[in-house]
Amino acid sequence: MRIDMVVNGKEAGGEVEGRTVLSSFLRDQLALTGCHVGCDTSQCGACVVHVDGQAVKSCTMLAAEAAGSEITTIEGMANADGSLNVIQQAFQDHHGLQCGFCTPGMVMSAAALLKENPKPSEAEVRDYLEGNICRCTGYHNIVKAIMAASGQDVVPVAAE
Amino acid sequence: MYNFDVEMPGSVADAVSAMGREEAQALGGGQTLIPTLKQRLASPSVLVSLSKISEMKGVCTGEDGALCIGGATVHAAVAKDGFAGLAGLASRIGDPAVRARGTIGGSLANNDPSACYPAAALGCGATIVTNSREIAADDYFQGMFDTALEEGEIITEVRFPVPEVSRYEKFVQPASRFALVGVFVARFSEGVRVAVTGASEDGVFRWAEAEAALSQAFSENAVDGLSVPADGMISDLHGSAAYRAHLVGVMTKRAVANAA
């Protein structure tokens, strides 16, 4: 079937099978490979994108159901001049990534959190990241990056 | 996944008609069904998505004061607009991304023995409204993954009598984060209801002994000395039957202590 949607502000579309999930459509047909598929079972959160402003796991949503929606992926997060946005920059500044595989999902979840709760507590950040798994960092610096991105003071040294 | 057609009806009537197709399966938020399809544990020939049916979405108060929740309403919306016990339950299902897609109708239709919503529906004595009839929660749940729903029947709404106070407490299975045991306690003027999920091989059930005791005195101490038999409890590597039976008492006490 034919589906059309707006992805990162631009019209996008294509032919999909009923079983095509959104993550496959984004990666294989739109070449937006920043949407990572870690587990493909909706556990890990690497594939989180925004659908009409809501963070969803794109491996667990049919592409057909996203027809007519506005999608934002990690490729749509940078500033207009191509520089990192405030969340991405905070991840770099606070060493919020090591291998980087989970990072697109982490950034998309963080953006959704800060939109609904601009000044979250550390506990709220950790709670919101329940569905995003990182196997490198131990989460500490990810949480720190998100706290910093929300404009709150964090201890500048990565580990002490 | 095996391939299938997708239907996107815009009304309940169109959904019911699409469900008449051979080997049709309703698709709520897909947070259980899509992983199930990926494992090839189901092979419908057509999925009828309920996600574009606006008449099946939203939370409102009915004429009798009941909270009416559309069958295609996502957990995040119930977390925002439900009464204390129900909102608390919805806000702790899965994770934020799952709560943005998963629906109350999908959860109740699936009746996973470890799902949270069945405890709320049974614990409040909710009414499950479908495209063709109304089913009392006491008649609806018929065992693990089994419900009173007929082939092709769709949950369009769930009506919750609003309790004076209520609370859901769950002990999460550390890997899946599903309820190892979850207990919903609701106090109404006519008495207290206690519903238990995650524990029994027969799915969600009411704990009559605790209901009687709590209806006499709504306090943690009222549950002292009461226990559910370990017989018929789920036993797996995450917890033995005896452990689950013990947790039923603990979660009930916590729910009473935190009821609001």
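**Notebook: cysteines, rings and a pocket**

At 2% relative accessibility, Cys35(A) counts as buried. I started from this residue, and I note here that the model is a predicted one.

**Cysteines**

Does the buried sulfur have a partner, or none? I looked for the cysteine sulfur closest to that of Cys35(A) and found it in Cys47(A), 5.6 Å away. A disulfide needs its two sulfur atoms within 2.5 Å, so this separation is too far for a bond.

I then turned to chain B and checked Cys116(B), which is in no disulfide either. For Cys116(B) the nearest cysteine sulfur belongs to Cys124(B), and it is 14 Å away. Cys116(B) counts as buried, with a relative accessibility of 7%. My tally over all chains came to zero disulfides.

**Aromatic pairs**

Next I went through the rings. How many aromatic pairs does a search of the whole structure find? I noted four, over all chains.

I picked out Phe171(B) and Tyr243(B), whose rings meet edge-to-face. Their centres are 6.3 Å apart and their planes stand at 90°. This pair links distant parts of the chain: Phe171(B) belongs to strand 9 (residues 165-172) of chain B, Tyr243(B) to helix 10 (residues 241-258) of chain B, and 72 residues separate them.

Are the two partners buried or partly exposed? Phe171(B) counts as partly exposed because its relative accessibility is 28%. Tyr243(B), at 35%, is also put down as partly exposed.

**Charges over rings**

While on chain B, I looked for charges sitting over ring faces. Arg40(B) lies over the face of Tyr2(B), 4.2 Å from the ring centre. I wrote down another case at Phe218(B), where the charged end of Arg187(B) sits over the ring at 5.3 Å from its centre.

**The second largest pocket**

Last, I opened up the second largest pocket, which has a volume of about 950 Å³. Which of its 38 lining residues are the closest to the centre? I found Gln54(A) from chain A, and Val74(B), Ala76(B), Arg99(B) and Ala100(B) from chain B.

I also asked which elements give two or more residues to the lining. From chain A they are strand 4 (54-57), helix 3 (103-116) and helix 4 (122-128). Chain B adds helix 3 (75-81) and helix 5 (96-99). By residue class, I sorted the lining of this pocket into 16 nonpolar, 11 polar and 11 charged.

Note on methods. Residues are numbered from 1 along each chain as its sequence is written. Chains are lettered from A and ligands numbered from 1 in the order in which they are written. This is a predicted model: local features need pLDDT of at least 70, side-chain atom pairs count only at pLDDT 80 or more; totals for chains, interfaces and linings use all residues. Side-chain values use heavy atoms; hydrogens and water are left out. On a 1 Å grid over the protein atoms alone, a cavity is a set of points where a 1.4 Å probe fits but cannot get out, and a pocket is an open set with protein on both sides within 12 Å along at least five of seven lines; lining residues have an atom within 4 Å of a point. Grid points are joined across faces, edges and corners, and a volume is the space filled by probe spheres set on the points. Helices (H or I, at least four residues) and strands (E, at least two) are DSSP runs, numbered from the N terminus. Ala, Val, Leu, Ile, Met, Phe, Trp, Tyr, Cys and Pro count as nonpolar, Asp, Glu, Lys and Arg as charged, and the others, Gly among them, as polar. Rings of Phe, Tyr and Trp (its six-membered ring) pair if their centres lie within 6.5 Å; planes under 30 degrees apart count as stacked, over 60 as edge-to-face and the rest as tilted. Buried means under 20% relative accessible area, exposed over 50%, partly exposed in between (1.4 Å probe, protein chains only). A charge sits over a ring if NZ of Lys or CZ of Arg is within 6 Å of the ring centre and within 35 degrees of the ring normal.
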